[in-house]
Amino acid sequence: MEEQLLSNEGNKFPISTSCSSSVVLSTCVVMCGSLAYGFAVGYSSPVQSGIMADLGISIAEYSTFGAILTLGGTIGALVSGTIADMVGRKVTMWIMDLCFILGWLSIIFAKSVWWLDIGRFLMGIGAGLLLYVAPIYIAEIAPKSIRGGCTAVFAFMLYFGFSLMFLIGNILTWRTLAIVGVIPSLVQLPGIFFIPESPRWLAKIGLDKEVEASLQYLRGKNVDISLETAEIKDNLESFTKLSGSRYLDMFDRRYAHSLIVGLGIMILLQSGGTDAISSFASSIFEKAGCSASFATTTMGFIQLPFAAMGIFLLDAAGRRPVLMVASAGTCLGNFLVGVGFLCKDYDQMSQLTATFVLVGILVFAIFFSMGVGGAATTIVSEIFPMNIKGSAGSLAIVCNWFTSWIVTYAFNFLFEWSPSGVFFMFTFFSGLMILFVAKIVPETKGRTLEEIQASLTLLK
């Protein structure tokens, strides 16, 4: 068995590396879900004053509304791997779309805070499913030479949706903005009919003819897919015989490296403050004495070109360098914001607060959109073998959402207590990400999923 796995790792099958129109179409359809999630994340910041005034809710109630997305996401993530393994990647995306649509409708017609919370909770469940199934699906259909870029497009569309909410949120009312938010899911729902199921999932459930049909559609009619098909099947058979595919198998010692990498990246990603800053950017800028509308609009504009740059960097420079450099940038951004709020405590330096906070948040946004989100998502989608991908991938996304919920819910209270302290805390965790990646995270650029997963598995 050991020889078989090592053979798979070392054997460089001449697998197609071209990007067919089918891969482009499939990626575009999946990106609608990423856009929907970006809309959901970016929605709460620009509409805060409007919702609080119209429905007469308190800051504590609005904090719950902002944070409940992550609670729903945690629940969605808990079942995401199981659902995706049972019914497939496509059906999971349909369920995800229904959650987003029902959630937005609840917000559009909300008459009280309960309807807002229900809607945002449903969107959270959809987002929990999305963050597992979308990157996994893209990684399973894309050729290895462009897999990083295709997965980075997922992050780009998230930032695009987030930025668009910030830009038009200063113009539209909160109900109208919610109508805009539901559009991507309405587009994706029928679009899923026109994309193939993941060939690796089809192989897992034993549909050999469907595996070949899916791969042929994705790679092109005239491409020889026999070697890629053989590698997928051989790798799946090897890992299944090695330990089976039960839920608790992911805690086997042989998978310790991949599990530590996946969980560590997701926890540190959220501990750096990304969702808290995204959800409450307006209140952060107002506290610093900045114009919230100008600052959020600038933040929205500045993220997009750097997120687009990240699409090319992941396959050109590699996942590890991009993640380490981008994490250093977010660390610097958080530090500048912390210094800015620290200046506010000293009369002679208080005029510097707005400048430091604005520059710090923009630096954070630039580097996060350029690499932290995209690289982290790409790595986690690549490292788990098929026999534990559902359970381990789901657990990684649960860690992401649960950490996000803790940070997002606690942020307003910590921010009121010590604005500088909370950002210095974010600085520490952003710096910790650099060390974690340098010491533990492997490079996955230019390798097939089967090669990556075999190299990370401790053989007995």
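**View 1. Helices H2 and H8 run roughly antiparallel to each other.** In this predicted model, H2 and helix H8 (residues 174-191) pack at an angle of about 160 degrees. Angles over 145 count as roughly antiparallel, and that is why this pair earns the description. Their axes are 8 Å apart, and the crossing of H2 and H8 is left-handed.

**View 2. A nonpolar patch sits on the surface.** Let's stay with H2 for a moment. Leu 25 belongs to this helix, which covers residues 21-43. Leu 25 is partly exposed, at a relative accessible area of 36%. Together with Phe 193, Phe 194 and Tyr 217, Leu 25 makes up a surface patch with about 450 Å² of accessible area.

**View 3. Helices H7 and H17 cross obliquely.** Here you can follow H7 (residues 147-169) as it meets H17 (residues 353-382). The two axes come within 8 Å and cross at roughly 130 degrees, and the pair is therefore oblique. The crossing of H7 and H17 is right-handed.

**View 4. A salt bridge joins Glu 382 to Arg 147.** The closest N and O atoms of this pair are 2.7 Å apart. Glu 382 lies in H17 and Arg 147 in H7, so the bridge links parts of the chain that are 235 residues apart. Both residues are buried.

**View 5. Lys 204 and Asp 85 meet in a salt bridge.** Side chains of opposite charge can pair when their charged atoms come close. For Lys 204 and Asp 85, the N to O distance is 3.2 Å. Lys 204 lies in helix H9 (residues 199-204) and Asp 85 in helix H4 (residues 59-87), so the pair ties together parts 119 residues apart in sequence. Lys 204 is partly exposed, at 26% relative accessibility.

**View 6. Asp 315 pairs with Arg 319.** This salt bridge has its closest N and O atoms 3.1 Å apart. Asp 315 counts as buried at 18% relative accessibility, and Arg 319 is buried at 0%. Elsewhere, salt bridges with shared partners connect Asp 85, Arg 89, Glu 140 and Lys 204 in one network. The whole structure holds seven salt bridges.

**View 7. Helix H20 is mostly covered.** Of the eight residues in H20 (residues 449-456), seven are buried. Among them are Glu 450, Glu 451 and Gln 453, along with Leu 449 and Ile 452.

**View 8. Ala 295 is a buried residue of helix H15.** H15 spans residues 292-316, and Ala 295 has 0% relative accessibility. From Ala 295 to Pro 385, the C-alpha to C-alpha distance is 43 Å, with their positions 90 residues apart in sequence.

Note on methods. Residues are numbered from 1 along each chain as its sequence is written. This is a predicted model: local features need pLDDT of at least 70, side-chain atom pairs count only at pLDDT 80 or more; totals for chains, interfaces and linings use all residues. Side-chain values use heavy atoms; hydrogens and water are left out. Patches are made of residues with over 30% relative accessible area and no salt bridge: like charges are joined within 9 Å, nonpolar side chains (Val, Leu, Ile, Met, Phe, Trp, Tyr) within 5 Å. Accessible areas come from the Shrake-Rupley method with a 1.4 Å probe; for residues, only the protein chains shown count as cover. A salt bridge is a side-chain nitrogen of Lys or Arg within 4 Å of a carboxyl oxygen of Asp or Glu. Helices (H or I, at least four residues) and strands (E, at least two) are DSSP runs, numbered from the N terminus. Buried means under 20% relative accessible area, exposed over 50%, partly exposed in between (1.4 Å probe, protein chains only). Axes are lines fitted to C-alpha atoms, for helices over the stretch in contact, and angles run from 0 to 180 degrees between N-to-C directions. Angles under 35 degrees count as roughly parallel, over 145 as roughly antiparallel, 65 to 115 as roughly perpendicular and the rest as oblique. A crossing is left-handed if the near helix is turned anticlockwise from the far one by less than a right angle, and right-handed if clockwise.
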